[in-house]
Amino acid sequence: MSDSEQDETGAGAVMPSRRTVLVLGAAAASTVVTIRPALAQTAGSVLNCEIPVPGPHAAGSYIGADGTPVAAGTPGAAPPLARPLSGEQARVLLRGSTPPGVNPQSAQAYANYIRRLQAGMSGFTCYASLQMPR
Amino acid sequence: MRNAGLLVQALRDPASLADPDWSGLIAAARAEQLLGSLAVRLEGMKLPAKIATILEAARRDSAHARTQALWEAEMARRALVPTGIPVILLKGTAFHAAGLDAHQGRSVGDLDILVPRERIEEAEAALIAAGWERIKSAEGYDDLYYRQWMHELPPLIHRDRDRMIDVHHTILPLTARPTPDAAALIADSVVLDGGLRVLLPADMIVHAAAHLLADGDLAGGLRNLWDIDRLLREFAADPGFWPTLVERARRHQLGNAVGRALRLASRLYGTPVDHAVAGRARWSDRLFAARLLARNGWGQERRKALRFAFYIRSHWLRMPPLMLARHLWTKARA
Amino acid sequence: MRNSLALQIGPVAFRVGSVWRAPIEALAGLYAGYPAPEDGICDFTVRLEPEKPWRRWLRPSVAIQGDYILPDAAPLPLGMGLLAAEMGMNLQMALGQKRYLLLHAASVEKDGRALILTGESGAGKSTFAALLGERGWRLMGDEFALLDLETGMLRAFPRAVSLKNGAIALMEREVIPTRFGPRLDGTPKGSIRHMRPDAAAIARMGEGARPALLLFPRFGAAEAVRPVGQAEIFMRLTQASTNYVALGAAGFDALTRLVSTIPSAAVDYPDTDTAIGLVDELWRQAA
Amino acid sequence: MAAPRYIADPEDQVRIVALDGLSVIFHAPSGMTHIVAPPTPEILTALRKGPADAAELLRRLSAHYEIEGDDVAARLNELEAAGLVRRA
């Protein structure tokens, strides 16, 4: 299929009709969503994963309320978890609840830590597998 | 398939394959990140149907890897070129951007770039303004270690594209014994369309040899050595190449690594090399070759003791003994 | 490796090697009747290895290794070696499949036309497809649907069905005992029992089908059928695919073609009988 | 400081398929797919005529459309971040 063919059903066809209203919108209203590589649901069937909190890159750190690693012993921060979270525990945390074995006062910090995981960090592929499209 | 010899044979001389252990060949090629290169080498040959489809999929994968690598370079260009900082692409991305033969089938992980040391903080700031983020926590031992001793910034990752960039200011850790002339690497780099740069051909070989032999435990080294083979075959067409290589290797204090890399390329891939530059074969070449081939047809690593010896060697090369002890101690406590 | 098995499943051949004998024996039992790969050549290699050398004998624990691995994957006890092999094969598909657009979806076939069931994990699509496979449909796969990039046809990938928790008893009532693998309790996903598809699904694994209807089933809600917009379907399918991005323009063309031509609906169902009635109705409309 | 001017990639680098009200874009240089709402396809088309700053872009769009809202700069920033437009 050629590109010009596609364009007739796409943007090109929209152009000539004058008086069509075009809303440029506000700064906050995003009009572009980029498809990211998904392990998504698939990985759920693929692995039995775990998320160390924190990962080796921040071993020994406490976790601040916003999920960032902070110096050990920081008041108000959550201590590192002795055992990695299972995928199921992480899922419960991300729903805003507290899974068994986790101190409820620290749950929010751990959940935020998981949300901040990025590719290349330990636990990321596990986190990605918990993401569901809504 | 007890070692990766079959993989090396397939790359060196595809026509010599006679009913090989195909499954083992594919598994070893995947484990060594050489499936794309194998697909290029076997293209057009009469192959079992299953192999043809596996290699066709590998070529599709390579095409995607190329697009991604070039796109990351382009986004770095958009972020950095306006600052006027000279930006030199390294490794796989450079092969792709410069259209060298070595790009064919070459997978690319992170984007590696070289910038002048005195402007590295400026480069980091421009990248962060364009959406890259620090991956390791900004405080703490790792970050300090990088900034004090390494030849690169702690890696940055792009928040939308999830791709990493390594910003180097030279090609070996500062603790390593050879001290490459980073200023010369930059001064003699070659500009591409759009303003990004790549290293001088001879410097590319020096860097590839340093990366293979002076900065690691040779894991995945067959791929790096294949880069060297492809680059040498292409560069050697220029009659001035070999003398320039000698001069650049000496200037960057990497004559030994370059000589060894040439001998290993010649030994494993049959690369035509200038024997005056490669130097005389040493008994230890055999150990290096055995380390490079330590992979079986299930994709498993073999020769544990040999691999461990090269792992120790890699740390030894990088750090003076006292520092090595301190490094391992801090890592162990963390 | 000392113990190994090669399996052809639809267009994909796997080689599973293990340092222990038990997982391979379990796998061979579950996949009895499946053909061996043509020419003996395999697309993907899975290895079941001890997590640490001493874990081969001492509280044996199975690490899933192979061509493609996930660094965060946790090892499983040896008693779940069959599950490890299954996960290992899934992992190769999720990370290594570059020939077909891989959709996390179940699919069944009738008259050369395919019904695709997709949706979140736990929506019941696997069980539902397994059930349809016993009620006159050919099961093409319960986990992954493979869309041919050139032809737009769906390829069959009839792996053993992974039944979880309540679905196990449901299918045990429908299917003869010899088609089941061992029941595995206490896995990370609860109880699991694998079920071999029926003989026709295996014998016809080489036959593709034209995608004809796409449903998003959801178990447990009151009966309802809702339209789903094309852009939303596109978005959901990209998120249900591990290789969409890697396939580049070919993936884009294949997916936009599928989305802009296939009839679709979201379907809520309180029980399986209702679901089967709804599917029959929608299938008739789509014909 | 002069306002930044932007350009878009040529037509053969960008495939656009309309899916009920939205568009999906395959951007060949990046290999990325974007799902976009109006006015994104319209902006890309308008920018293919040559580099333009926000004011010039608004003029081009006004020639064809009734414009509501004025945050064309926000749209351009968004498109620049996605790599769909770049500074000239």
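This is a tour of a predicted model, stop by stop, with what to select at each one. Residues are numbered from 1 along each chain as its sequence is written, while chains are lettered from A and ligands numbered from 1 in the order in which they are written. Because the model is predicted, local features need pLDDT of at least 70 and side-chain atom pairs count only at pLDDT 80 or more, whereas totals for chains, interfaces and linings use all residues.

**Stop 1: chain A**

Select chain A and colour by pLDDT, the predictor's confidence in each residue, from 0 to 100. The mean pLDDT of this chain is 69, and 61% of its residues reach 70 or more. Chain A holds 6 helices and 6 strands; helices (H or I, at least four residues) and strands (E, at least two) are DSSP runs, numbered from the N terminus. Read from the N terminus, the elements of chain A run α-α-β-β-α-β-β-β-β-α-α-α.

Go to helix 1 (residues 3-9) of chain A, where confidence is lowest in the chain, at a mean of 39. Strand 4 (residues 62-63) of chain A has the highest, at 90. Next select residues 1-17 of chain A: pLDDT stays under 50 there, and the model has 30 contacts beyond four places in sequence for this stretch. Two residues are in contact if their C-beta atoms, placed from the backbone, lie within 7 Å. Residues 40-46 of chain A also stay under 50, with 25 such contacts.

Now show the whole chain again. Of the 134 residues in chain A, 40% are buried, that is, 20 or more other C-beta atoms lie within 10 Å of the residue's own, with C-beta atoms placed from the backbone.

**Stop 2: a sheet across chains A and D**

Select strand 2 (32-34) of chain A and strand 2 (14-19) of chain D, the edge strands of an open sheet, each of which pairs on one side only. The sheet has 4 strands in the order 2(A)-4(D)-3(D)-2(D), with antiparallel pairing. Two strands pair if DSSP finds at least two bridges between them. Strand 2 of chain A is joined to strand 4 (residues 32-36) of chain D by 3 bridges. To see one of the partnerships, pick A:Val33, whose bridge partner in strand 4 of chain D is D:Ile35.

**Stop 3: the sheet in chain C**

Move to chain C, where 5 strands form an open sheet in the order 1-2-3-4-5, with mixed pairing. Strand 1 (3-9) and strand 5 (76-77) of chain C are at the edges with a single partner strand each, so one side of each is left without a neighbour in the sheet. Strand 3 (residues 44-50) and strand 4 (residues 61-66) of chain C pair in the antiparallel sense over 5 bridges. Within strand 4 of chain C, C:Ile64 stands opposite C:Leu48. Add helix 2 of chain C, which packs on the sheet and touches strand 2 (12-18), strand 3, strand 4 and strand 5 of chain C.

**Stop 4: two domains of chain C**

Colour domain 1 (3-96) and domain 2 (100-286) of chain C separately; these bounds come from an automatic or database domain assignment. The C-alpha centres of the two domains lie 24 Å apart. Their contact takes 18 residues from domain 1 of chain C and 21 residues from domain 2 of chain C. On the side of domain 1 that touches domain 2, helix 1 (22-30) and helix 2 (81-96) of chain C are the elements that give two or more residues. Helix 2 of chain C gives the largest share of that side, 7 residues.

How values were computed:
Buried ≥ 20, exposed ≤ 12 C-beta atoms within 10 Å, placed from the backbone. Axes fitted to C-alpha atoms, helices over the stretch in contact; angles between N-to-C directions.
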